[in-house]
Every structure is written in C-alpha cells, then in structure tokens.
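These are my notebook entries on one structure, written down in the order in which I looked things up. I kept to what the coordinates give and put each cut-off beside the term that uses it.

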Amino acid sequence: MFKIGCHLSASKGYLDMAETSERIGANTFQFFTRNPRGGKAKEIDEEDIKKFLEKSKQIGIDVILAHAPYTLNCASSDLRVREFAKETMADDLKRMEYTPNNLYNFHPGSHVGQGVEIGIKNIVDILNEVITKEQTTTVLLETMAGKGSEIGRSFEELKQIIDGVKLKDKIGVCLDTCHVNDAGYDIVNNLDGVLEEFDKIIGLEKLKAIHINDSKNDLGSHKDRHEKIGEGTIGTDAFERIINHPKLRNLPFFLETPNELDGYEKEISLLKTLYKN
Ligand code: FE
Ligand code: FE
Ligand code: ZN
C-alpha cells in the first residue's frame, strides 16, 4: 500500500492531524514535536492520544513521523546549545512513547567551523545519551543539502554517525529528495546508482522514510529550497520512478513542499495516480 502524507500543524493535537490526513487523501503525516524554534512542548492529552490511536486503526495510519525542531544543533561547539538539544530530544522521545513504534527525524546539525569530525562526535555523544533500549521509536538522521557547515551532506557522514551509535536498531535515515539533489546525488538521471551507493555505504535496510520534495535549485547547489512537485529541477517523471522503485515503494513518503492543505491534497492525488498498485 502506498503510504503518503504531508507535513501538518500539530497545534490541534493528534486526532486533528489524523482527521486532516483522511480529508486530504493521506494515510500518514509528519509534524513538529514543538515549535520549530524549540520552545516548550504542548502537554500530552491522553484522551486525544486514545482517540487518535482508534482513528488511526480505523483509517489505516500505521506510521507517523515526528520532526525535531530544526534549530537544535547537536553538533555545536557550545555546550549549552548541545545540552538544550539533548534535553529537547530526550523529552521528545519520552513523549513519543504515547504513540509507540513510530519515527523521529532530526537534522544532524552544523559544526560551524570546528570541523566535521568534532561535529560528528558531538552528535554521536548526544544520541548515545538520549536513545534508550526500552524506546519503541526509531530515530532518523535526515540527509542534508550541505548548506554552510551542515553535517549529513553525504552518505559517508551519516554512516559515521550511525557507526558511533550503540543501540543500532534504534537508528535509521530519512532521505529528503530535495536535500540529496542539492547535495549532488543525481536521483533524476541515476536513481539506481544513488540507491546502490546508499546501500553500499549505509545499507538500504536503514532507510525508513522519504521526504518527497521538488527542488528550486540545481544538482549539487547546496541550497535546500523546496519546490512543489513537478515545478522544480527534479520533476514529475523522477518522482514517478522514486515512488515506484522496488527499494522505496513500501516506505512512507512525506511532502514538505511549499503548500497549504489544498496544494498538498492535489499533490497527494497526483502521486497516487502515478503509483503503480
Ligand atoms: Fe527536515
Ligand atoms: Fe526534509
Ligand atoms: Zn529542507
């Protein structure tokens, strides 16, 4: 079954996101665990969670993706910045257990001048502190475009992080099509080659989710600016190959394109017509 959804506002709770998904033809969704700038999270409403879990079963939502605030920087040279990232992630992971067996995605971080090696060590240290063997959530590293000193611009960098994580069955990767394009991976002309490279370096069994975004910029531009499906440099034909690829077609796909709900609804319906059942 094609698992497709989009980024939704979490301001009205979990049940609301499930209902919105149903309304726009989606069967999964992504949301920010808290204000993307990293404020305090909303109190967990157990009644809302209960209704959400019932609704999910009823409409066939079997996985959701929580996204950490994008301002967290686990790679920072500033101890306070790292402490804040660690506390936020630990709290997010605790809250995620109210909706067990789902996915939690985060941006690895930026090393801001101190070098990739130290940045990666800082990320690994935080992951080893916040990931517990009791958790049912899989933590995903997002593939990044390589803007500034962003870590995660190559499969090799992600692999180095994974290698440092002790509880390996709790860690995976979320591939963002806009980001990998901007990082220089040619998913338009050489999707098989890119996936083979991913498999060789990281292992495709670690790939747990796809952010499906077109890009405003050229291959290798290191820019990270999302575009609507079919209006960017990746294009509809490439997305048809991506969602139908035998190694990808069973993964959940999440739109983060510049859209309101009606735009997402249209893109979901387009992608459904392109998906070969
Ligand atoms: Fe992201
Ligand atoms: Fe993304
Ligand atoms: Zn992005």
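Before opening the metal sites I fixed the term: donors are N, O and S atoms within 2.8 Å of the metal (3.2 Å for Na, K and Ca), and water is not among the atoms, so sites may look incomplete. I am working on a predicted model, in which local features need pLDDT of at least 70 and side-chain atom pairs count only at pLDDT 80 or more, while totals for chains, interfaces and linings use all residues. Residues are numbered from 1 along each chain as its sequence is written, chains are lettered from A and ligands numbered from 1 in the order in which they are written, and side-chain values use heavy atoms, with hydrogens and water left out.

**Entry 1: the iron site.** I looked up the iron ion (ligand 1) and found its protein donors to be H67 (NE2), H107 (NE2) and E142 (OE), at 2.1 to 2.3 Å. Along the sequence these donor residues follow H-x39-H-x34-E. E142 also bridges to a second iron ion (ligand 2), and the two ions lie 3.3 Å apart. H107 sits in the loop between strand 4 (103–106) and strand 5 (109–110) and E142 in strand 6 (residues 138–142), so this pair ties together parts that are 35 residues apart in sequence. I took helices (H or I, at least four residues) and strands (E, at least two) as DSSP runs, numbered from the N terminus. E142 counts as buried because its relative accessibility is 1%, where buried means under 20% relative accessible area, exposed over 50% and partly exposed in between (1.4 Å probe, protein chains only).

**Entry 2: the zinc site.** For the zinc ion (ligand 3) I noted H179 (NE2), D224 (OD) and H226 (NE2) as protein donors, lying 2.0 to 2.3 Å from the ion, with the spacing H-x44-D-x1-H along the chain. This zinc ion is 5.4 Å from the iron ion (ligand 1). H179 belongs to helix 6 (residues 177–183) and D224 to the loop between strand 10 (214–215) and strand 11 (226–227), a pair 45 residues apart that links distant parts of the chain. Both H179 and D224 are buried.

**Entry 3: helix 4 against helix 5.** I next checked helix 4 (residues 116–130) and helix 5 (residues 155–164), whose axes come within 9 Å and cross at roughly 40°. Axes here are lines fitted to C-alpha atoms, for helices over the stretch in contact, and angles run from 0 to 180 degrees between N-to-C directions. That makes helix 4 oblique to helix 5, since angles under 35 degrees count as roughly parallel, over 145 as roughly antiparallel, 65 to 115 as roughly perpendicular and the rest as oblique. Among the residues of helix 4 that meet helix 5 are I120, V124 and L127, and the partners in helix 5 include Q160 and I161; contact means heavy atoms within 4.5 Å.

**Entry 4: F52.** I ended with F52, which lies in helix 2 (residues 46–59) and counts as buried because its relative accessibility is 2%. Not counting residues up to four places away in sequence, F52 touches Y14, L15, A18, F29, I64 and T99. I also recorded that F52 and Q30 are 22 residues apart in sequence and 14 Å apart in space, C-alpha to C-alpha.
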